[in-house]
Amino acid sequence: MVSEELDIANKNLPAEQGPVQYVNELTTLNLGPTHPATHGIFQNVLQMDGEKIVSGEQTIGYIHRAFEKIAERRPFYQITTLTDRMNYCSSPINNMGWHMTVEKLLGIDIPKRAQYIRVILMELARLADHLICNGILGVDTGAFTGFLYIYQERENIYEIYEEVCGARLTTNMGRIGGMERDLSPTAIRKIKELLVRFPKVLTEFENLFNRNRIFMDRVIGVGGISAERALSYGFTGPNLRAAGVDYDVRVMNPYSSYQDFEFDIPVGQSGDTYDRFMVRNEEMWQSLRIIQQAMDNLPEGPYYADAPQYYLPPKQEVYKNMEALIYHFKIVMGEIDAPVGEVYHAVEGGNGELGFYLISDGGRAPYRLHFRRPCFIYYQAYPEMCKGLTLSDAIVIMSSMNVIAGELDA
Amino acid sequence: MLTNEEVAQTIINQFGEAVTDFDDPYDLLTCSTSRDQIVPLITYLKGHQTFQFGFLTDITAIHYPDSVGKEFCVVYHIHSLINNFRLRIKVYLTAEDVHIPTMTPLFASANWMERETFDLFGIIFDGHPDLRRILNMEEMDYYPMRKEYPLEDGTREDKIDALFGR
């Protein structure tokens, strides 16, 4: 009952009956755990005052697989398969991040060619990640066409993965000490074709959305967060950059030769859904720039480091070389110990700073491994970003934050 | 550009012997302090005019069951984005007393990080607004990341560890 109606009702009541009390009953709405718009298995319990969200609380952990615990019994090499099941939209970044962490612990310097190949693959992964995020944001606002346009390119990126490592989603790509194999001529051809084709598709996608009035009405001013709050919440990646903070691990703490490449860090202003969308779009252009530079200047030379005790030898070597066979056996059986040490290594994942905190006690497996998962860090800000908005806003906010359940729970 | 020595010296000048064990494994400045000093230390580092450690990267814990009197270690990674400088701070706790003050008044991000650390290790963050399990079930009465819960049954005798590289 609105206040004017209350006044009229009170005027008509006998004095002894007292005024009518305005009782505002909130509706509890379960968004998830399984809902097409929750982008994974997690629950949001929203308190709604009519259409407006008053407060919210999240329940996560539905797919918690205890990766950190499992890692304590696995040789370093076998942990790769855990990492690509976190943010499965950009698995190669997770794989390479883990390999670089172990290489830091072991003190292995990998050759330039391997570093450049890693950069190419990581940027392809970023493209795939951002494509899905922005494409699905379109779907969540009711625009399915854009998603269909760009989904083909994600498929093409997966074909490149397949050519490089044989897998598409859970890539298990690379090795500690370099790459499993060099880029094949087919992979190089496919990457070059992608570099020609992708800008056209991305331009078309941008034409569909960037100045689309319906889309803009749905996302501009929705779910904004200030730079100060974003930093306090520990935001990183596109979500932080959309709020105007130009923090990018690739620039601040370059790894894998990122210092060799020229690229810009796109930033937004208001940190709203539109800015997050635009930052991701612009990052795709920057990723293309990086891949182009890496392809143009791909150094000659070996694609793995001269560290036979740690680098899993190529299969053809194992068949004909006794040393390779011995090391292959030792590495696979986890008989190679790592030095005692403590490493924190961060990479710029699809969602932000993906950190690996590794403590080695000198054994064959980590004594302790902790993943600093960007999704886990920023998802707690979700209720604050939704407060006072409507349910349809909550959907696009979640979509633009790119919450991946695999990374959230780990 | 900040150096490890500069930051360490400033901390020593301010906190004296309350902050110890300075080290820089893989160039990341690391130090230890007590639970009484952790909040003042991070408050100081965050508000420091030059350092401005305004970004809490991570909170987690480690269990050392054999280290008597220092069974638990709570690890904070903080980052000064202005100076691009990372710092790791450790607080050791005994198994009998796993209380430590919360960092939530300083950083909103500490909320879930502390809940996770509580969930997995049972570290109790005093003053936390909502210290509940986050990844596991509420009904669980143990803390799975502690070393007393190995993944495999240690009493199994049907396989020889040496054959499996263990």
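Of the 410 residues in chain A, 59% are buried, where buried stands for under 20% relative accessible area, exposed for over 50% and partly exposed for what lies in between, with a 1.4 Å probe and protein chains only. The model is predicted, so local features need pLDDT of at least 70 and side-chain atom pairs count only at pLDDT 80 or more, while totals for chains, interfaces and linings use all residues. Residues are numbered from 1 along each chain as its sequence is written, chains are lettered from A and ligands numbered from 1 in the order in which they are written, and side-chain values use heavy atoms, with hydrogens and water left out.

The secondary structure of chain A consists of 18 helices and six strands; these are DSSP runs numbered from the N terminus, with helices (H or I) of at least four residues and strands (E) of at least two. Along its principal axes, the C-alpha trace spans about 100 × 45 × 30 Å. Among contacts (heavy atoms within 4.5 Å) with a separation of 6 or more, 69% join residues that are 24 or more positions apart.

Chain A exposes about 15800 Å², of which carbon and sulfur atoms supply 52%; accessible areas come from the Shrake-Rupley method with a 1.4 Å probe, and for residues only the protein chains shown count as cover. A:Phe144, A:Leu148, A:Tyr149 and A:Leu208 make a nonpolar surface patch of about 370 Å². Such a patch is made of residues with over 30% relative accessible area and no salt bridge, nonpolar side chains (Val, Leu, Ile, Met, Phe, Trp, Tyr) being joined within 5 Å and like charges within 9 Å. Helix H6, residues 144-165, gives the largest share of the patch, three residues, and A:Leu148 is found in this helix.

Two residues in contact with each other, A:Asn87 and A:Glu407, are set side by side here.

| Residue | Place in chain A | Contacts beyond four places in sequence |
|---|---|---|
| A:Asn87 | loop between helix H3 (80-83) and helix H4 (91-106) | A:Asn94, A:Asp129, A:Asn351, A:Ile404, A:Glu407 |
| A:Glu407 | helix H18 (405-409) | A:Met86, A:Asn87, A:Asn351, A:Leu354, A:Arg373, A:Pro374, A:Cys375 |

A:Asn87 counts as buried because its relative accessibility is 0%. From A:Ser184 it is 97 residues apart in sequence and 26 Å apart in space, C-alpha to C-alpha. A:Glu407 is buried yet has no salt bridge, and the nearest side chain of opposite charge, that of A:Arg373, is 7.1 Å away; a salt bridge needs a side-chain nitrogen of Lys or Arg within 4 Å of a carboxyl oxygen of Asp or Glu.

Conventions
Lys and Arg count as positive and Asp and Glu as negative; His and the chain ends are not counted.
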